[in-house]
Amino acid sequence: MDQNPSFPVFPMSFRGILLLTGMYTIAWSAIFRLMGGSIVNWFADGNLIEASLPVTYYGGFGILVGLLIFFSAFYPISWVYLIIAGITGKIILAIWFFLGFLPDLGWNKRTAFQLIFNEIIWLIPLIVVFLRGCQVKSYLAQNTEK
């Protein structure tokens, strides 16, 4: 039996990646939304901060991004636009944290964790899943016309 099909396949593990990314983003953003001042003080790593940072807005936007990514796992081929919206949202969250939070908090291991592991690292699997979804969608569109 041929192990490599001649058509692109969207494996179930990619749906799992979307579910995991969505749930993780929702959970971490809920921490921002609910524990705003405490999380900012934790990120400051003992430094005194004077600015009032918009953590509730950041958390609310993060929850919205997480929901988009989570819902895209149900129909990833039909809803590839939700995956690209999630990728765009993760990029916006990373830029927002970099420009809005880092100048006041300073660069330390906690802010690096937030920026790298909670925002940027998730872009790699999301882009791979999006590209595979587009590949399968275009294959299906080409072969259903015949």
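This section describes an internal cavity, the helix H5 that contributes to its lining, and the aromatic pairs of a predicted model.

A search of the whole structure identified one cavity of 30 Å³ or more. The volume of this cavity is about 40 Å³. Its lining is formed by Tyr24, Thr25, Trp28, Ser29, Lys90, Asn118 and Glu119. Classified by residue type, the lining comprises three polar, two nonpolar and two charged residues. Two helices, H1 (12-34) and H5 (109-120), each provide at least two of the lining residues. The greatest contribution is that of H1, which supplies four residues.

Helix H5 was examined further with respect to burial. Its buried residues are Thr111, Ala112, Gln114, Leu115, Asn118 and Glu119. In an α-helix there are 3.6 residues a turn, so residues three or four places apart point the same way. The elements that cover the buried residues of H5 include H1, H2 (36-44), H3 (55-72), H4 (80-105) and H6 (123-144). At the start of H5, a polar contact is present in which a side-chain oxygen of Asn108 comes to within 2.9 Å of the backbone nitrogen of Arg110.

Among the residues of the cavity lining, Asn118 is located in helix H5. Asn118 has a relative accessibility of 2% and therefore counts as buried, the cut-off for this class being under 20%. When neighbours within four places in sequence are set aside, the contacts of Asn118 are Tyr24, Trp28, Lys90 and Phe113. Of these contacts, Tyr24, Trp28 and Lys90 also belong to the lining of the cavity.

The aromatic side chains were then considered. Over the whole structure, 18 aromatic pairs were found. One of them is formed by Phe43 and Phe97, whose rings are arranged edge-to-face, with 5.6 Å centre to centre and 70° between the planes. This pair connects distant parts of the chain, since Phe43 lies in helix H2 and Phe97 in helix H4, 54 residues apart. Both partners fall below the 20% cut-off for burial: Phe43 counts as buried because its relative accessibility is 1%, and Phe97 is likewise buried, with a relative accessible area of 0%. Phe43 and Phe97 are also members of a cluster linked by ring pairs, in which they are joined by Phe32, Trp42, Tyr58, Phe61, Trp96 and Phe101.

Conventions: Residues are numbered from 1 along each chain as its sequence is written. This is a predicted model: local features need pLDDT of at least 70, side-chain atom pairs count only at pLDDT 80 or more; totals for chains, interfaces and linings use all residues. Side-chain values use heavy atoms; hydrogens and water are left out. On a 1 Å grid over the protein atoms alone, a cavity is a set of points where a 1.4 Å probe fits but cannot get out, and a pocket is an open set with protein on both sides within 12 Å along at least five of seven lines; lining residues have an atom within 4 Å of a point. Grid points are joined across faces, edges and corners, and a volume is the space filled by probe spheres set on the points. Ala, Val, Leu, Ile, Met, Phe, Trp, Tyr, Cys and Pro count as nonpolar, Asp, Glu, Lys and Arg as charged, and the others, Gly among them, as polar. Buried means under 20% relative accessible area, exposed over 50%, partly exposed in between (1.4 Å probe, protein chains only). Contact means heavy atoms within 4.5 Å. A polar contact is a pair of N or O atoms within 3.5 Å; within protein, one must be able to donate a hydrogen and the other to accept it, and residues adjacent in sequence count only if both atoms are side-chain atoms. Rings of Phe, Tyr and Trp (its six-membered ring) pair if their centres lie within 6.5 Å; planes under 30 degrees apart count as stacked, over 60 as edge-to-face and the rest as tilted.
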